[in-house]
2 protein chains.
Amino acid sequence: MTKAHGFHQHDHAACISDALTKAEAYCAARKLQFTPVRRRTLEVLLAHHRSMGAYEVLSHLDASGFGAQPPVAYRALDFLVKHGFAHKVEAMNAYVACSHPGAQHVPAFLICRQCSTVQEAQIEPMQNGLGDAAQDAGFAIERAVVEAQGLCPLCQQSAPE
Amino acid sequence: MTKAHGFHQHDHAACISDALTKAEAYCAARKLQFTPVRRRTLEVLLAHHRSMGAYEVLSHLDASGFGAQPPVAYRALDFLVKHGFAHKVEAMNAYVACSHPGAQHVPAFLICRQCSTVQEAQIEPMQNGLGDAAQDAGFAIERAVVEAQGLCPLCQQSAPE
DNA sequence: ATTTATATGTAATGATATAACATATCAAGC
DNA sequence: GCTTGATATGTTATATCATTACATATAAAT
Ligand SMILES: [Zn+2]
Ligand SMILES: [Zn+2]
Ligand SMILES: [Zn+2]
Ligand SMILES: [Zn+2]
């Protein structure tokens with residue numbers, strides 16, 4: 001069975017189990033606790049394969065028997081983001097599973113304003129112009145947010161304007 | 001009198017009146033209404049010369065005799081952002097006056113996590129790696145968000161870690 | 001087994017943002 | 001000038017996003 005991944009189709013079941021396996025291995029290697037609620041949170045993000053608000057994630061966690069209060073979701077999401085299994089899409093105040101788990105990368109997103117699909121793009125770190133600007137200013141970059149908003153291929157056909 | 005502009009010093013009074021004059025001219029040319037509350041909002045952003053939350057802006061508008069309810073600030077800020085006089089810093093849910101008013105540009109920010117100072121950097125549009133990724137995906141970019149978080153020159157000296 | 005650190009559950013609250021609707025002002029056309 | 005439609009503002013209420021604080025539970029270290 002295939003499902004949209006960003007703007008493409010792909011084998012969704014394999015994609016989910018791959019990402020979970022990688023996260024498991026990563027945590028085991030670093031003695032991080034990949035607890036049930038953290039695992040379930042990643043499963044939820046992977047299954048939906050689009051950006052989700054914290055409260056939407058929370059409702060799934062609640063339905064799965066975990067706590068129903070906001071910190072349950074925010075703590076699990078913070079863990080996933082901190083260790084690179086998920087990213088926060090700042091322009092949407094939403095979260096999305098990482099498409100390139102394991103790889104050291106600067107996440108960049110193409111966000112459709114019509115259907116809210118988010119595709120994670122590969123960009124060259126330090127080749128986004130920011131590196132030069134930072135160097136000139138003596139600024140030490142720790143994290144970069146690169147997000148483009150616009151229309152995905154599908155919505156360009158259906159959107160009038 | 002000089003004041004920090006991003007991480008540099010500059011003639012702040014001239015900077016404010018320049019930006020206001022440019023905004024006035026821009027609006028006059030396009031028959032946009034540069035109303036008192038919109039003008040005051042830009043003045044507030046320019047005077048502080050750092051990113052400000054909508055409610056912080058609102059408290060100044062209230063003190064200046066305008067409405068005290070959130071839509072007053074959000075509507076004025078939306079106007080300024082729409083026409084390029086200000087930008088929203090997505091990673092902080094905050095707003096900042098544009099440093100290059102008039103110039104067509106992709107705003108990029110260097111955000112200090114310690115002192116919250118925001119410097120707007122000049123980057124080349126479409127040279128941030130996103131352009132290529134978007135083209136490959138058939139994605140039509142309408143707006144880009146480029147934000148770097150880290151430590152400014154001053155805070156690198158004082159911050160232990 | 002005891003201690004210490006980490007993780008989870010829950011209640012309360014804070015911070016950010018918008019919907020809805022009434023009133024006021026502006027811009028044209030008559 | 002008056003009418004009309006569009007734009008802008010004021011205000012109430014509510015929606016959405018996020019954190020603090022503290023109690024309890026589990027895991028790791030000694
Ligand atoms: Zn990623
Ligand atoms: Zn779309
Ligand atoms: Zn700008
Ligand atoms: Zn600083």
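## Residues around DNA strand C

How many residues surround DNA strand C, and which are the closest? In this predicted model, DNA strand C is surrounded by 16 residues, and the closest of them are Thr35(A) and Arg75(A) from one chain, with Tyr55(B), Tyr74(B) and Lys88(B) from the other. By class, this surface is made up of seven nonpolar, six polar and three charged residues. Among the atoms of DNA strand C that lie within 4 Å of the protein, 47% belong to sugar or phosphate, while the rest belong to bases.

## Polar contacts to DNA strand C

Arg75(A) places a polar side-chain atom 2.5 Å from a base nitrogen of DNA strand C. For Lys88(B), an N or O atom of the side chain is 2.7 Å from a phosphate oxygen of the strand, and for Tyr74(B) a polar side-chain atom lies 3.1 Å from a phosphate oxygen. The elements that contribute two or more residues to this surface are helix 2 (36–48) and helix 4 (70–82) of chain A, along with helix 4 (70–82) of chain B.

## The surface near DNA strand D

Around DNA strand D there are 17 residues, of which Tyr55(A), Lys88(A), Thr35(B), Gln69(B) and Arg75(B) come nearest. Of the atoms of DNA strand D that come within 4 Å of the protein, 48% are accounted for by sugar and phosphate. The residues near this strand divide into eight nonpolar, six polar and three charged.

Phosphate oxygens of DNA strand D lie 2.5 Å from a polar side-chain atom of Thr35(B), 2.6 Å from one of Lys88(A) and 3.4 Å from one of Asn93(A). Here, two or more residues each come from helix 4 of chain A and from helix 2 (36–48) and helix 4 of chain B.

Terms used: Residues numbered from 1 in each chain as written. Chains lettered and ligands numbered in written order. Predicted model: local features only at pLDDT ≥ 70, side-chain atom pairs only at ≥ 80, totals over all residues. Heavy atoms only, no water. Near = heavy atom within 4 Å. Polar contact = N/O pair within 3.5 Å; in protein donor to acceptor, adjacent residues only side chain to side chain. Helix = DSSP H or I, 4+ residues; strand = E, 2+ residues; numbered from the N terminus. Nonpolar A, V, L, I, M, F, W, Y, C, P; charged D, E, K, R; others polar.
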